[in-house]
Amino acid sequence: MKATTPILSALTLAWLVPATLAQGGAPATAPSEAADAPLRGEEVAVLTDAPAVPPPITRDHPTRVKVELEVTEVVKRMADGVDYTFWTFGGSVPGKFIRVRQNDEVDFTLKNHPSSKMPHNIDLHAVTGPGGGAKATFTAPGHQTSFSFKAINPGLYIYHCATAPVGMHIANGMYGLILVEPKEGLPPVDKEFYVVQGDFYTTGKYGEPGLQGFDMEKALQEIPDYVVFNGSVGSMTGENALAASQGDTVRLFVGNGGPNLVSSFHVIGEIFDRVYYEGGTKVQENVQTTLIPAGGSAICEFKLETNGDFILVDHSIFRAFNKGALGILNASGDPDLAVFSGQKKDEVYLPEGGAVQAIPSDSKPAAAAATKEERIAAGKIVYGANCAACHMPNGVGVPAAFPPLAESDYLNEDVDRAIDVVLHGLQGEVTVNGDTFNSIMPQLGLNDEATANVLTYIYSEWDNKGVEVTSEQVAKVRAAKQ
Ligand SMILES: [Cu+2]
């Protein structure tokens, strides 16, 4: 995780107290503070790149805050081997996190780097005034513009570029979050993180390597190739995972830049104790998944009662596992076994006692096969209907659960024993090709002909020894057991 250099001045030193200290208490405020309370002093806002969040505000009064954002158009990683030309507020996606206090007067400057090819502007949803500042900040490459606004309403707000074609500017990553802290402050927590979802439309399919262009047609159809948190696939996995400790209280400032999709934001293995839904003032408690509209936000708070990996997803789940909308919050520390035990055991489940269960067979007595080829063809059908679910269609089985029939030494060693297994089922420890299985194969209720056919099929496949099993042979094994 990289931290960018904050914009500093002597006046900002008050911001630089360690976050943990600053988070030790919300500022005490005279409840009577009026919207037109006089500004005292001025400072330069600390701006951060995701997933970092500027320290909480400890002031008990409004001030004049200077915010400077620089727009750059940069080629960056979208996924391994995949690059994209992102348009950014501050060099990465999402743009820098801005944190001010209710009733602050914000002096805002937008700079457009001379290397940019496009004009850009900014519409901050925290602004009361036409266009959220868009028209006031229309900025050609190599220019800078400014305006000021009063942060009247507390809340967590999206900002974005609103230069035509607006959809394209947003689709290229031009969005971020601005928090207007309520004048009484937010309750202290141990960790705060900044996460913004966005959907991306590339000329190539998901994962297609190289520098990808923007695909207007896919954007119009709303069929993204990528849905990601913080601008790229894997922005918060592996060594970039969000880090916290067991016992920590966590606050996620979550935004959705869109341009198109609505996010079903969820953390696998956690329940949000509190959600400031839609980034507003009201709190909903005990929430599993919160809806975050395009151009909207939510503040999600929870306590890490136990340790482990907690997975941030858009629960529109193909986006998480197939398009990139997945991040990890790792809580170090010890498990609280009273909260979560982990798997205690995996053992055989036998609802009706210890015997092999019989599965009633609805197969009609098969017409006797005249040749080995007919037996194999008939056996293949029996296999598909009765065996493939466990032993797999290609006979390879499932490790630690169902032994292989392909190249099975157990099968090839003893034909009568194999007949017995199919007729009567099997339980207890068996070793197949060196691997031990201790499970249960049910009795399948196949008649002699079907049993002969399925075994002849199995022996003819997958490098097995190729013998033909006849129904007479099956009848003999059956008689011997009775
Ligand atoms: Cu723009």
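## Strands S10 and S14

Let's start in the middle of a sheet: strand S10 (residues 191-200) and strand S14 (residues 249-258) run parallel and are joined by eight bridges. To place the register, look at Gln 197, whose bridge partner in S14 is Asn 256. Keep in mind that this is a predicted model.

Zooming out, S10 and S14 belong to an open sheet of six strands, ordered S12-S10-S14-S19-S16-S17, and the pairing in that sheet is mixed. Strand S12 (226-229) and strand S17 (284-287) sit at the edges with a single partner strand each, so one side of each has no neighbour in the sheet. From one strand to the next, the twist averages 25°.

## Strand S3 and its partners

Strand S3 (residues 82-89) is mostly covered, with six of its eight residues buried. On one hand S3 pairs with strand S2 (residues 64-79): the two run antiparallel and share eight bridges. Val 71 is the residue that stands opposite Phe 89 in S3. S2 and S3 make a hairpin with two residues between them, and Gly 81 in the turn takes a positive phi of about 80°.

S3 also pairs with strand S11 (residues 210-212), this time in parallel, through three bridges. Here Asp 83 has Leu 211 in S11 as its bridge partner.

## Aromatic contacts

Now for the rings. A pair of aromatic rings is described by the distance of the centres and the angle of the planes. There are 15 aromatic pairs in the structure. One of them is Tyr 84 with Phe 200, an edge-to-face pair at 5.9 Å centre to centre with 75° between the planes. This pair links distant parts of the chain, since Tyr 84 is in strand S3 and Phe 200 is in strand S10, 116 residues apart. Are these two rings buried or exposed? Tyr 84 has a relative accessible area of 1%, so it is buried, and Phe 200 is buried as well, at 0% relative accessibility.

Phe 97 and Tyr 194 make another pair: their ring centres are 4.8 Å apart and their planes lie at 85°, so this one is edge-to-face. Phe 97 is in the loop between S3 and strand S4 (98-101), while Tyr 194 is in strand S10, so the pair ties together parts 97 residues apart in sequence. Phe 97 counts as buried because its relative accessibility is 0%, under the 20% cut-off. Tyr 194 is buried too, with a relative accessible area of 0%. Elsewhere, Phe 229, Phe 265, Phe 272 and Phe 302 come together as one aromatic cluster.

## The largest pocket

If you're hunting for empty space, the largest pocket has a volume of about 570 Å³. Its lining takes in 33 residues, and the ones nearest the centre are His 391, Pro 403, Leu 405, Val 421 and Met 441.

Which elements each supply at least two residues of the lining? On the helix side they are H5 (372-386), H6 (388-391), H7 (409-413), H8 (415-424) and H9 (448-460). Strand S22 (426-432) and strand S23 (435-441) do so as well. As for chemistry, the lining splits into 26 nonpolar residues, seven polar and no charged.

## Backbone oddities

Most residues other than glycine have a negative phi, and most peptide bonds are trans. Against that background, a few spots deserve a look. The peptide bond from Ala 50 to Pro 51 is cis, with omega near 5°, and Pro 51 is in the loop between strand S1 (42-44) and S2. Val 93 and Pro 94 are also joined by a cis peptide bond, with omega about 0°. Pro 94 is in the loop between S3 and S4.

As for phi, Asn 286 is not a glycine, yet its phi is positive at about 60°. Asn 286 lies in strand S17 and is exposed, at 59% relative accessibility. Asp 463 also has a positive phi of about 60° without being a glycine. Asp 463 is in the loop between H9 and helix H10 (471-481), and at 66% relative accessibility this residue counts as exposed.

Methods. Residues numbered from 1 in each chain as written. Predicted model: local features only at pLDDT ≥ 70, side-chain atom pairs only at ≥ 80, totals over all residues. Heavy atoms only, no water. 1 Å grid on protein atoms, 1.4 Å probe; cavity = no way out; pocket = protein on both sides within 12 Å on 5 of 7 lines; lining within 4 Å. Points joined across faces, edges and corners; volume = space filled by probe spheres on them. Helix = DSSP H or I, 4+ residues; strand = E, 2+ residues; numbered from the N terminus. Nonpolar A, V, L, I, M, F, W, Y, C, P; charged D, E, K, R; others polar. Buried < 20%, exposed > 50% of the residue type's maximum accessible area, 1.4 Å probe, protein only. Pairing = 2+ DSSP bridges. Axes fitted to C-alpha atoms, helices over the stretch in contact; angles between N-to-C directions. Phe/Tyr/Trp six-rings, centres within 6.5 Å; stacked < 30°, edge-to-face > 60°.
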